[in-house]
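I opened a fresh page today for a structure I had not looked at before. Here are my notes, in the order in which I looked things up.

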Amino acid sequence: MGYIISNLWKLLNRVYLVHSFFMTFCILFDILYLVKFMWKIGNVEIKNRLVLAPMAGVCNSAFRRIVKEMGCGLIYAEMVSDKAIFYNNQKTIDMLYMTDFERPISQQIFGSDKESFVSAAKFIYENMKPDIIDINMGCPVPKVALRAQAGSALLKNPSKIKEIVEAVVSSVPIPVTVKIRSGWDFNSINAVEVAKICEEAGASAICVHARTRSQGYSGKADWNIIKLVKENVSIPVIGNGDVVDCFSAKKMLDDTGCDAVMIGRAALGNPWIFKEINEFLENGVIIPKPSPIEKVDMCLKHFEYLVSLKISKVAVLEIRNHIAWYLKGLKGSNEIKNKIYMTRDIDEIRSILINYRKELE
Ligand SMILES: Cc1cc2nc3c(=O)[nH]c(=O)nc-3n(C[C@H](O)[C@H](O)[C@H](O)COP(=O)(O)O)c2cc1C
């Protein structure tokens, strides 16, 4: 009997030792993982190096939810106008809707003067409590950059940049970041100067879309600008422009030393890109591309999220673009797109997609 008890005791000790060893290993693994992939903007912890770009007309709560489900680390909401918030424009106020599931989330504001930037930032903070406020200094569209002298037009005015960033930073108790372009045009590339000004003014991070305003969205992004900015500031730098898959994401991180990569157009109709890049960066695994059926299923899910978020007229109009993106290149997709453009009826759109899915089986 004594022999059995002593052996049982020894066995229990061994189990305990193995268990402790295993637990220590797990904790060490978790710490290593956090050190390697987690980063912070101010006090906001971000679990991986992937950021969804703000995209007007795209990055509402429905799309953001999908992207978050695919593992995106930090989400930017589509830009809102400071003036529209100042004048209580209901459509703009509705655009501010966000859910806890999307956190950490950054709300971007565009504008041109300090006072309305501050009042918009305060309103957004008090009503929505985003984790971060971002200032848009990159928008190239004439309505914003020329007529309103906002977005990328601010890049031409360094003293105004300082004034705006300082004022917004001191008006809200959350981190404030700035999204810039390389410069206004090829003769005025000033991203490094602007980034330094933003840092001095209290910005907690800077995002660089490595194209000039005059390039719009064409030409190639010059990642060297991102590298230069990273070398010249101490706050985190998010690199942006032409990340299209796991390889380009890794290349941008390696070549520029940036803290995270921001993905815009490559996520349209392809929210899987966040999963693809995460798997590659974290485990070195290349996951298979989504099948046509998976694409239709994602499209249906996106549609349901939109329907629960927006009035039906708007949901129908918005899903049209997404359907074109999700189904691009699929067999018979042109006919489906045409059918969807012919109707404004939610049930009809749903059944067109479900029938298309059956055809693909
Ligand atoms: C449809 C669309 C809407 C955009 N809206 C915004 C915006 O609201 N704010 C902003 O800073 N940039 C906006 N951008 C620019 C993107 O955030 C991003 O900087 C740009 O697309 C480059 O990244 P990419 O090469 O990954 O697409 C928009 C881009 C697109 C295609």
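Before counting around the ligand, I fixed my terms: Ala, Val, Leu, Ile, Met, Phe, Trp, Tyr, Cys and Pro count as nonpolar, Asp, Glu, Lys and Arg as charged, and the others, Gly among them, as polar. I also noted that this is a predicted model.

**Ligand shell.** With those terms, I sorted the residues of the shell around the ligand into 11 nonpolar, eight polar and four charged. I found 23 residues surrounding the ligand. The closest are Ala53, Met55, Met79, Gly264 and Arg265.

**The whole chain.** I looked up the secondary structure of the protein chain and got 15 helices and 10 strands. Its C-alpha atoms fill a box of roughly 90 × 55 × 40 Å along the principal axes. Of the 361 residues, 44% are buried. I then took the contacts with a separation of 6 or more, and 67% of them join residues 24 or more positions apart.

**The barrel.** How many strands make up the closed barrel? I traced eight, in the order E3-E4-E5-E6-E7-E8-E9-E10, with parallel pairing. On average, neighbouring strands of this sheet are turned by 30 degrees against each other, direction ignored. Helix H9 (residues 223-232) packs on the sheet and touches E7, E8 and strand E9 (237-240). I noted that the direction of H9 makes about 150 degrees with that of E8.

Next I checked the pairing of strand E3 (residues 50-52) with strand E10 (residues 260-263), which is parallel over three bridges. Within this pair, Leu50 has Val261 of E10 as its bridge partner. I reminded myself that strands of a sheet pair through backbone hydrogen bonds, either parallel or antiparallel.

**Strand E7.** Is strand E7 (residues 176-183) largely enclosed or not, and why? I found eight of its eight residues buried, so E7 is largely enclosed by the rest of the structure. For this step I used the cut-off that a residue is buried if 20 or more other C-beta atoms lie within 10 Å of its own.

I then followed the partners of E7. Strand E6 (residues 132-137) pairs with E7 in the parallel sense over five bridges, and Ile135 has Val178 in E7 as its bridge partner. E7 also pairs with strand E8 (residues 205-212), again in the parallel sense, over six bridges. There, Lys179 stands opposite Cys207 in E8. My last entry is the path between these two strands: from E7 the chain crosses through helix H8 (residues 191-200) to E8, and this β-α-β crossover is right-handed.

Notes
Residues are numbered from 1 along each chain as its sequence is written. This is a predicted model: local features need pLDDT of at least 70, side-chain atom pairs count only at pLDDT 80 or more; totals for chains, interfaces and linings use all residues. Helices (H or I, at least four residues) and strands (E, at least two) are DSSP runs, numbered from the N terminus. A residue is buried if 20 or more other C-beta atoms lie within 10 Å of its own, exposed if 12 or fewer, and partly exposed in between; C-beta atoms are placed from the backbone. Two residues are in contact if their C-beta atoms, placed from the backbone, lie within 7 Å. Two strands pair if DSSP finds at least two bridges between them. A crossover is right-handed if, with the strands pointing away from the viewer, the path from the first strand over the helix to the second runs clockwise. A residue is near a molecule or strand if its C-beta atom, placed from the backbone, lies within 6 Å of it. Axes are lines fitted to C-alpha atoms, for helices over the stretch in contact, and angles run from 0 to 180 degrees between N-to-C directions.
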